[in-house]
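Me: I would like the labels used for this model checked against their cut-offs. Please take them one at a time.

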Amino acid sequence: MTRTQRVAPEHALKPGTTRKRRPTLTIAALTGSLILAGIVAPATAQATPTSTAATTVATAPVAAATPLNTAVKKAPSIKVSTSKKKWAKGSTPAKVGTKVVVAGKAATGKAQFYVGKKRVATKTLKNGKATYRLSKKLSAKKHTVTVRYLPTGSAKNISTTGSKATRVQVKASKTDKVLAIAKAQVGVKYRSGGTSPSRGFDCSGFTQYVYKKAGVKKLPRTSSAQKRAGKRVSRSAARPGDLVWSPGHVAIYAGNGKIIDAPRPGKKIAVRKMWQSNPVFIRL
């Protein structure tokens with residue numbers, strides 16, 4: 001081989017053939033293929049540069065909130081007192097008093113007085129105070145007395161309502177006890193010399209038993225002696241529970257012109273119309 005002779009390359013075409021062109025991939029096509037294959041992320045558009053200056057956002061004006069009334073109403077301080085806790089029926093009943101204070105000051109408004117669930121009086125507070133005397137007609141038992149405070153007018157803006165209760169007791173009077181025990185013996189037979197419900201009563205045995213049982217007084221055994229055991233009162237001043245004496249007989253006055261007594265043999269103790277024309281009334 002001479003120096004000038006060239007060796008054809010192995011990929012040289014044979015005579016009579018033409019070279020097939022390989023497809024040429026452009027950068028754009030290649031990039032698209034890679035994008036489709038998920039290898040290259042698509043280029044994003046360049047964000048428009050924004051000004052670094054603060055942006056003012058216009059907003060609608062906000063109405064000022066109405067201020068709330070934050071004042072809290074005060075609870076009242078209520079005190080209740082009584083002139084006495086117990087009294088006998090028929091005597092002067094207790095007076096109930098109240099004092100109401102709100103935020104350290106004497107309250108204005110009204111005080112309602114209740115006995116049990118029944119309202120018995122409404123009083124206007126003066127310097128925060130009010131009083132009420134209970135009725136003489138209260139029954140002989142324990143009662144709950146309640147005072148309820150009601151703010152009125154401008155006091156409603158600073159105070160709430162409130163209540164407080166106390167207990168009082170009306171004791172049975174001597175009269176009540178005497179009449180109750182005497183009436184409990186109605187129907188017991190008369191018996192001469194008798195002094196008990198089981199054996200029967202005569203007139204003075206009956207009165208002696210009743211007054212002793214009522215805890216009022218221990219009476220002598222005979223009617224004539226009982227006449228001198230207490231104070232004599234007029235007929236117009238006589239009260240239920242007084243003794244009613246007439247010669248040879250004694251009874252208990254029941255009021256309204258009636259007596260309770262052990263009449264005579266063959267009869268029973270009963271409440272009946274007073275038959276004496278000129279009796280003596282004796283208060284023990």
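The exchange below deals with a predicted model and the reasons behind some of its labels.

Me: Why is Ser223 called buried?
Reply: Buried means under 20% relative accessible area. Ser223 has a value of 13%, so the label applies. Ser223 lies in helix 4 (residues 223-227).

Me: What makes Ser204 a contact of Ser223?
Reply: Contact means heavy atoms within 4.5 Å, and Ser204 is listed for Ser223 on that basis, together with Trp245, Gly248, His249 and Val250. Neighbours of Ser223 within four places in sequence are left aside.

Me: Why is strand 14 described as largely enclosed by the rest of the structure?
Reply: Strand 14 covers residues 249-255, and six of its seven residues are buried, so the description follows.

Me: How do you know that strand 13 and strand 14 pair?
Reply: Pairing requires at least two bridges. Four bridges join strand 13 (residues 243-246) to strand 14, and the two run antiparallel. Leu243 stands opposite Ile252. The two strands form a hairpin with two residues between them, and Gly248 in the turn has a positive phi of about 80°.

Me: What makes strand 14 and strand 15 a pair?
Reply: The requirement is at least two bridges; strand 14 and strand 15 (residues 258-261) have three, in the antiparallel sense. Gly255 has Lys258 as its bridge partner. In the turn of this hairpin, Asn256 has a positive phi of about 55°.

Me: Why are strand 2 and strand 6 called edge strands?
Reply: In the open sheet of order 2-9-8-5-6, strand 2 (86-88) and strand 6 (118-124) each pair on one side only.

How values were computed: Residues are numbered from 1 along each chain as its sequence is written. This is a predicted model: local features need pLDDT of at least 70, side-chain atom pairs count only at pLDDT 80 or more; totals for chains, interfaces and linings use all residues. Side-chain values use heavy atoms; hydrogens and water are left out. Buried means under 20% relative accessible area, exposed over 50%, partly exposed in between (1.4 Å probe, protein chains only).
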